[in-house]
Amino acid sequence: MKELTRLIKDYARCQGACAVGIATTETLSGGPPSTHIADVLPGARAAISFAFPLNQELIAPFLMKKDRRSHEKDNIDTNGLVGGLSLQLSKWLDQKGYPSIPQAPNDVYRQDSPGGVLDMVPEISHRYLAVRSGIGHFGLSGNVITQEHGAAVILGCVITSAALVPTEPLPETENYCDECQLCMASCASGLMSSDQTTVVSMGEKTFSYSKRRSYLRCEYVCGGFTGLHPKGKWSTWSPGRFVIPEKDKDFLPAVIQGVKAYAQRPEMEGGYHHSLMPGTKLWLTCGNCQLICHPEKAVRKERYDMLKQSGVVLQERDGSLTAVSPQDADAHIAGLDPFTRSLYVDVDDA
Ligand code: SF4
Ligand code: SF4
């Protein structure tokens, strides 16, 4: 198993992974349901966790509202590479006599959650497997942060019946997260709690990060239905300006209203299909908490400043997006006909 573990790590690195680790049923024991690998593959003994880096060069243009599509394409391509490696590696292990199951990097949700798939609880948490196996640390954001690429990585895993040799979590002293809170400041949805913490124990190791409030917050904003920060000075790449509620309970009606409007807006360039969006594509408009979090604090600050100064996004009738000042955006919205305005602004304000 030692040699097989070595080969698997090399396999993943040869395919482009920047980090590879192994979690086992022992190192995941006592963890939350999304670490129960035997629920996915009866007889599972281990999970191979890995990360692929996003292209850092495309992050600043995305945050500055200069170029949305290049980062979106990189994100889609990298997810494809991660999913491809999961599939290839699981088949490679199958052929060696170890039944294995690939896990898609995203868009796989548990049906047994109280709100069903809308709760967006993953079948297997790539994040939990990644921190337990030493791919990276939890940042305050709850994202997995890596020494080299920060949070700008896409995670994947393979569940296998092979009893691989586990890898240990990284020492907490090496975690670069200094609780700068720029991830929170760059999140228009308020997903991360500033005063509550989630603690997770797996295999007698404990990890923590800021508690996530209703995931509908991220669905509403990262889904692109709305994007104007509550202070009105900047937005995500979403042209939506619907008010972001303060309380978790108000997000479900807001998302329902947002989805209806979203489906009637002109199509944007690019995009991708998501299981929770039948009939229309999704376009990448946020991810700020991930993109801001660079290992160097100066770069984090620089990126946050880029976001704050990037303006407010408007959509033209041909679907294209333009970033303008908040004042120009208000004037543009006021000049729209009532129906078009209702696709972007709360009806009471339309
Ligand atoms: S942005 Fe700052 S607080 Fe948030 S995870 Fe990164 S280093 Fe930690
Ligand atoms: S992706 Fe955007 S909306 Fe979702 S948590 Fe991160 S910053 Fe907030």
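This is a short talk on the predicted model shown above, going from its domains to its strands, its core, its two ligands and a few single residues.

Hi everyone, and thanks for having me. Please keep in mind throughout that this is a predicted model.

Let's start with the overall layout. The protein chain splits into domain 1, which covers 2-176 + 205-212, and domain 2, which covers 216-349. Taken over C-alpha atoms, the centres of domain 1 and domain 2 are 28 Å apart. Where the two touch, 24 residues come from domain 1 and 24 residues from domain 2. On the domain 1 side, the elements that give two or more residues are α3 (59-63) and α4 (69-95). Of these, α4 gives the most, with 5 residues. If you like to think in residue classes, that side of domain 1 has 12 nonpolar, 6 polar and 6 charged residues.

Now to the strands, and I'll begin with β1, residues 19-24. How many of the residues of β1 are buried? The count is 6 of 6. You can see this face by face: Ala19, Gly21 and Ala23 are buried on one side, and Val20, Ile22 and Thr24 are buried on the other. Strand β1 pairs with β2, residues 46-53, in the antiparallel sense, over 6 bridges. If you want a spot to click on, Ala19 sits opposite Ala51 in β2.

Moving along from β2, we reach β6. These two strands run antiparallel and are joined by 8 bridges. Here the pair to look at is Phe50, whose bridge partner in β6 is Gly156. Strand β6 spans residues 153-160, and 8 of its 8 residues are buried. Both of its faces are covered, with Val153, Leu155, Cys157 and Ile159 buried on one side and Ile154, Gly156, Val158 and Thr160 buried on the other. Strand β6 also pairs with β3, residues 100-103, again antiparallel, this time over 4 bridges. In that pairing, Pro102 stands opposite Val158.

That brings us to the core. In soluble globular proteins, nonpolar side chains tend to be buried together. In this model the largest nonpolar core has 84 residues, and the ones with the most contacts inside it are Ala47, Ile48, Phe50, Ala51, Val144 and Val153. Where does this core lie with respect to the domains? Domain 1 and domain 2 both give residues to it, so it lies between them. Ala51 is a nice one to zoom in on. Leaving out residues up to four places away in sequence, Ala51 touches a set that includes Ala17, Cys18 and Ala19, as well as Val153, Ile154 and Leu155.

On to the ligands. Around ligand 1 there are 14 residues, and those that come nearest are Gly139, Cys177, Cys180, Cys183 and Cys293. By class, this shell has 8 nonpolar, 3 polar and 3 charged residues. Ligand 1 also lies between domain 1 and domain 2, because both of them give residues to its shell.

Ligand 2 has its own set of neighbours. They include Ser186, Cys187, Cys218, Cys222, Cys286 and Cys289. The elements that give two or more residues to this shell are α7 (216-222) and α9 (288-292). Helix α7 gives the most, with 3 residues. The shell has 7 nonpolar and 4 polar residues, and no charged ones.

Finally, a few single residues. Arg132 lies in helix α5, residues 126-132. Is Arg132 buried or exposed? It counts as buried, because it has 28 C-beta neighbours inside 10 Å. Apart from its close sequence neighbours, within four places, Arg132 is in contact with Ala23, Thr27, Leu28, Pro169, Met202, Gly203 and Lys205.

The last two are about backbone angles. Most residues other than glycine have a negative phi. Lys65, in the loop between α3 and α4, has a positive phi near 65 degrees. With 22 C-beta neighbours inside 10 Å, Lys65 counts as buried. Gln181, in the loop between β6 and α6, has a positive phi near 70 degrees. Gln181 counts as partly exposed, because it has 14 C-beta neighbours inside 10 Å.

That's my tour, and I'm happy to take questions.

How values were computed. Residues are numbered from 1 along each chain as its sequence is written. Chains are lettered from A and ligands numbered from 1 in the order in which they are written. This is a predicted model: local features need pLDDT of at least 70, side-chain atom pairs count only at pLDDT 80 or more; totals for chains, interfaces and linings use all residues. A residue is near a molecule or strand if its C-beta atom, placed from the backbone, lies within 6 Å of it. Ala, Val, Leu, Ile, Met, Phe, Trp, Tyr, Cys and Pro count as nonpolar, Asp, Glu, Lys and Arg as charged, and the others, Gly among them, as polar. Domain bounds come from an automatic or database domain assignment. A residue is buried if 20 or more other C-beta atoms lie within 10 Å of its own, exposed if 12 or fewer, and partly exposed in between; C-beta atoms are placed from the backbone. Two strands pair if DSSP finds at least two bridges between them. A nonpolar core is a set of buried Ala, Val, Leu, Ile, Met, Phe, Trp, Tyr and Cys residues joined through C-beta atoms within 7 Å. Two residues are in contact if their C-beta atoms, placed from the backbone, lie within 7 Å.
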